[in-house]
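Take a look at the chain below and turn it around a few times. Then read on for a tour of some helices, a few charged pairs and one odd bond.

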Amino acid sequence: MNHSGLPRKQGLYDPRNEHDACGVGFVADIQGRKSHTIVEHGLEIVTNLTHRGAVGADPLAGDGAGILIQMPDRFLREECAGLGISLPKEGYYGVGMVFLPQGEANRRQCVQILEQFIAAEGQTVLGWRDVPTDNSGIGDSVKKVEPVVCQVFVGRGDNCPDQAVFERKLFVIRKQVENHVRTQGVEDPAIFYVPSLSSRTIVYKGMLLAAQVGDYYPELRDERMVSALALVHHRFSTNTFPPWELAQPFRMIAHNGEINTLRGNMNWMAARRHAMQSDFLGEDLD
């Protein structure tokens with residue numbers, strides 16, 4: 001050990017690479033075989049990252065934790081069948097994990113906006129599902145801003161010839177919905193957020209402690225919940241407040257450090273927005 005309490009440089013380890021930041025972990029089957037074991041390992045990893053996250057004055061109020069997995073088709077198909085929702089084959093439907101306001105009127109307004117943009121972009125709303133949650137272990141301060149968690153199922157439209165085009169269309173829908181909710185007078189837009197909207201992956205997250213992810217979302221313990229990969233994260237919000245939407249993983253990534261240049265990046269994007277073009281997004285970029 002050296003004077004800092006860290007091990008000396010040895011093998012691939014170098015104490016100069018030590019940083020104080022969030023905890024992030026990843027596990028995958030390199031042959032792409034989906035199993036519940038991968039999901040279990042992901043939850044075990046994030047639990048072992050407890051020391052890399054933070055809590056507030058309320059010891060049950062975490063900065064955020066979550067898990068990203070591949071689409072658990074069998075689980076969702078069987079759950080939807082019980083709700084009278086018929087899902088097309090895998091790759092032909094997308095799932096949106098949606099945080100909705102607690103107030104019924106605001107929640108209904110957000111649902112209506114989301115459905116309107118799905119239809120406007122040529123896709124089909126197949127149905128909605130309430131995601132079972134158990135908030136008995138989270139703090140009172142977290143419960144005050146706790147969203148209603150739902151899943152919306154979106155059928156692939158004729159204007160999406162393949163899954164890659166469908167993914168981009170889901171991205172366009174999400175961006176339009178989020179911008180509309182923020183600017184069009186929804187009373188409490190802060191509680192509306194779409195953690196993921198994809199035909200390939202799904203994100204379960206929240207303003208949780210690391211060990212609470214699998215307890216808050218009991219279905220993650222279901223044997224039918226399978227994936228060939230799991231990306232997990234436990235957040236330490238050093239210069240931002242810990243709201244539900246800033247918990248990670250994000251929709252495709254997780255990072256273990258603060259992004260302090262966000263304002264600069266936003267200003268550069270705003271300065272260049274009128275010159276932006278994309279062969280993939282085409283007119284949808286507008």
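## A walk through the model

Let's start at the surface: R108 counts as exposed, with a relative accessibility of 51%. Here, buried means under 20% relative accessible area, exposed means over 50%, and partly exposed is in between (1.4 Å probe, protein chains only). Its partner E104 also counts as exposed, at 55% relative accessibility. R108 and E104 form a salt bridge, with their closest N and O atoms 3.4 Å apart. A salt bridge is a side-chain nitrogen of Lys or Arg within 4 Å of a carboxyl oxygen of Asp or Glu. The two residues sit four apart in helix 3, so about one helical turn separates them.

Before going further, some ground rules: this is a predicted model, in which local features need pLDDT of at least 70 and side-chain atom pairs count only at pLDDT 80 or more, while totals for chains, interfaces and linings use all residues. Residues are numbered from 1 along each chain as its sequence is written, and side-chain values use heavy atoms, with hydrogens and water left out.

**The big picture.** The chain has seven helices and eight strands. Both are DSSP runs numbered from the N terminus: helices are H or I with at least four residues, strands are E with at least two. Of the 286 residues, 43% count as buried. Take the contacts (heavy atoms within 4.5 Å) between residues at least 6 apart in sequence: 76% of them join residues at least 24 apart.

**Helix 1.** This helix covers residues 36-48, and at 1.5 Å a residue its 13 residues should span 18 Å; the end C-alpha atoms are 18 Å apart, which agrees. The expected span is 1.5 Å times one less than the number of residues. Which residues of helix 1 are buried? They are H36, I38, V39, G42, L43 and V46. Seen down the helix axis, these buried residues fall within an arc of 160 degrees, so they line one face of helix 1. The arc is that of the directions from the helix axis to the C-beta atoms. They pack against strand 1 (23-28), strand 2 (65-70), helix 6 (213-216) and strand 8 (229-234). At the N-terminal end, S35 acts as a cap: one of its side-chain oxygens lies 3.4 Å from the backbone nitrogen of T37.

**Helix 5.** With 21 residues, helix 5 should span 30 Å at 1.5 Å a residue, and its end C-alpha atoms are indeed 30 Å apart. At its start, a side-chain oxygen of D162 reaches to within 3.1 Å of the backbone nitrogen of A164. The buried residues of helix 5 pack against strand 3 (93-100), helix 3 (104-120), strand 5 (148-155) and strand 6 (193-198).

One of the residues in helix 5 is L170, which is buried with a relative accessible area of 0%. Leaving aside residues up to four places away in sequence, L170 touches G94, V154, L197, S198 and S199. L170 and S199 are 29 residues apart in sequence, yet 8.5 Å apart in space, C-alpha to C-alpha.

E167 is found in helix 5 too. What is the nearest side chain of opposite charge to E167? It is R200, 4.7 Å away, and E167 is buried yet has no salt bridge. (For charge, Lys and Arg count as positive and Asp and Glu as negative; His and the chain ends are not counted.)

**Charged pairs.** The structure holds 14 salt bridges. Here are three of them:

| Pair | Closest N to O distance |
|---|---|
| R108 and E104 | 3.4 Å |
| R129 and E219 | 2.6 Å |
| D284 and K169 | 2.9 Å |

D284 lies in the segment after helix 7 and K169 in helix 5, so this pair ties together parts that are 115 residues apart in sequence. D284 is partly exposed, with a relative accessible area of 31%, whereas K169 counts as buried at 9%. Both R129 and E219 are buried as well. These two belong to a network of salt bridges that links R74, E78, E79, R129, E219, D222 and R224.

**One odd bond.** Most peptide bonds are trans. A cis peptide bond, though, joins Q248 and P249, with omega about 10 degrees. P249 has its place in the loop between strand 8 and helix 7 (262-272).

Terms used: A polar contact is a pair of N or O atoms within 3.5 Å; within protein, one must be able to donate a hydrogen and the other to accept it, and residues adjacent in sequence count only if both atoms are side-chain atoms.
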